[in-house]
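Q: Please take a close look at the salt bridges in the structure shown here, residue by residue. Then set them beside the strands and the nonpolar groups.

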Amino acid sequence: MRGLGSVARLLARQAARGSGRSAKELCAIVTRSEAVAVLTSRRGLTTLGGCSRGPFAYNSNRAALAMAECVAFRALDRVRFMAADAGLPSAVLVPTMGESIKDGSIATVLKAAGDSVEEDEVIAQIETDKVTIDVRSPRAGVVQKIEVKVGDTVTPGTTVAFVASSSTAPAATPAGAGVHAPSAAATVVGPIADEEGGGDGEGVDEYSLIHGDDTVEVVVPSMGESVNDGVLAALLKSVGDSVRVDEVIGQVETDKVTIDVRSPDEGVVERVNVQLGDTVTPGTPIAVVRRAKALPASTTLADRVVEAVEGPRPLPVARAAPPSPPPAASRPSAAAPGAAAPAVPIIPKQKERRVPMTRLRRRVAQRLKDSQNTFAMLTTFNEIDMTNLIALRNDFKDAFYEKHGIKLGFMSAFVKAASSALQQEPAVNAVIDGDDIVYRDYIDVSIAVGTPKGLVVPVIRKVHELSFVDVERVVADLGRKARDGSISIDDMAGGTFTISNGGVYGSLISTPIINPPQSAILGMHAIQQRPVVVGKEIVARPMMYVALTYDHRLIDGREAVLFLRRIKDIVEDPRRILLDI
């Protein structure tokens, strides 16, 4: 198998084509000491054997291949920026999702193999717990292969597709094709030849080396914000067992509940990484499943080079399932001879539909339930006479729009009123953290916005420093982003207090749920003409009920009532904001 020891140099030569730099120069990126350190840690080798030709050609083929693995990973990472000039396909990767989001589901795939794409054009969309993220092409060209399907769970850095330049793109490869089948990538990258030409490495391409992994990890799911780890209580599958999609492989016992760990795909359990009693955290891989439709492939790059040269290895044979019991009809009946079976009326099944919850809906449901389980929630109510605020709006809405280009609504008045009340009652702006109370000297107000996909809560920052105009402008911009799905993680991060306006849907009164990690939420409701006593007369006035739900562990009833009273005073007489009284 002459030439296996120079796999790394050959990979570097592939990237060097058209780059203006020699393969020797690129291959020298990684030093021998770095390679030896990675090799010995990955393979557990104590000796590499003699070096017959340069720092990468060892007598031991396995050592040489492992050396090629560590060199290839490092060298290819550093020369990948030359791929476009060299005509190599570019990987379209899942972008970062934010610190609090670890994964997402493929919601839509907008391109297929063979489609043309422009630079920065959206190829797919990922739905996370909070927002929908666009996956964009890093270059213009032709989609060479789609690596995912709708519903797949992906993490930042996952390869979604490969895009090649239009001039070098070959025929498209359908998604799910085996890595050892002749692929489009082999045409673009070209076969790896020995330094002397031809050789044993022919037919091995970067695509099948880097991306030839047809296994999927089974990881511990999220346990909730208040649960950080758990103990593996049960392992229901072992190596060689067949598993179905969403079948339970293990169970994790936490302080509160027992959590099922399910397989994300159908296949055969290839490896189990944990033992009963191990402590695991969310994201811990407990097993590896080889997909049922996948061709045999090895885990590491070195093993895949061996497969490409020596041939694929057989897939582990799944254990035979126990024979199913005989049908009920063949069993002897226990009923007395001659006894007639009672007639069972057949009730026609009503039509129903079962659809999976979106990740955003699941996340909202989880957070609301966590809030209910964590906070000592209590709600206090009041009503506001909207006469003066409505008159103010009617008098100046046209001039306001003409000067600022945005409409004057009621939300800005409530946001500024909440800002004043939060400064007056700082406990409402605080939060409990363990045995401490964290008082926040800034005011970021979250605005609950309903969208077709679920509830999102963008944040207006430093409200105490903003004017009415600034608040209306930010509210309009965030509302537009929420409706068209372009809102980002940064737009929703943080927040010290939330305002929810159920009145836009006609709600008369409600008890809103606190948005953790905050300590209170203000609920606005519909405006209705109701009889009220003004002086000694009964008159009809536009009235709104308002509700404040607060964490009674931190906020006393007196503080909550005074807070809501302050909002009532300011909204009923907006001049108080100007005079700061």
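A: What follows treats the salt bridges first, then strand pairing, then the nonpolar groups.

This is a predicted model, in which local features need pLDDT of at least 70 and side-chain atom pairs count only at pLDDT 80 or more, while totals for chains, interfaces and linings use all residues. Residues are numbered from 1 along each chain as its sequence is written, and side-chain values use heavy atoms, with hydrogens and water left out.

The structure holds 20 salt bridges, a salt bridge being a side-chain nitrogen of Lys or Arg within 4 Å of a carboxyl oxygen of Asp or Glu. One of them joins D265 to R291, with the closest N and O atoms 2.9 Å apart. D265 lies in the loop between β13 (258-262) and β14 (267-272), and R291 is in strand β16 (residues 285-291), so the pair ties together parts that are 26 residues apart in sequence. Strands (E, at least two residues) and helices (H or I, at least four) are DSSP runs, numbered from the N terminus. At 17% relative accessibility, D265 counts as buried, whereas R291 is partly exposed at 30%. Here buried means under 20% relative accessible area, exposed means over 50%, and partly exposed is in between (1.4 Å probe, protein chains only).

D260 pairs with R262, and the closest N and O atoms of this salt bridge are 3.3 Å apart. D260 is partly exposed, with a relative accessible area of 28%; R262 is also partly exposed, at 37%. In the salt bridge between D573 and R575, the closest N and O atoms are 2.9 Å apart. D573 is partly exposed at 21% relative accessible area, while R575, at 58%, counts as exposed. Salt bridges also link D477, R480, K481 and D491 in a network.

Now the strands. Strand β10 (residues 230-235) runs antiparallel to strand β15 (residues 279-280), joined by two bridges; two strands pair if DSSP finds at least two bridges between them. V231 stands opposite T279 in β15. Four bridges join β10 to strand β12 (residues 248-253), again antiparallel, and L232 stands opposite V252 in β12. V252 also belongs to a nonpolar core, taken up below.

Elsewhere, four strands form an open sheet in the order β5-β4-β2-β7, with antiparallel pairing. Its edge strands, β5 (132-136) and β7 (153-154), each pair on one side only. Strand β4 (residues 122-127) is joined to β5 by five bridges, and the partner of Q125 in β5 is D134.

The largest nonpolar core has 65 residues, and those with the most contacts inside it are F414, F497, I499 and I567. A nonpolar core is a set of buried Ala, Val, Leu, Ile, Met, Phe, Trp, Tyr and Cys residues joined through side-chain atoms within 4.5 Å. Helix α11 (residues 411-424) gives the most to this core, with eight residues. A second, separate core of 17 residues includes V218, V252, V274 and V280. Residues that F497 touches include A418, L422, D444 and F563, leaving aside those up to four places away in sequence; contact means heavy atoms within 4.5 Å.
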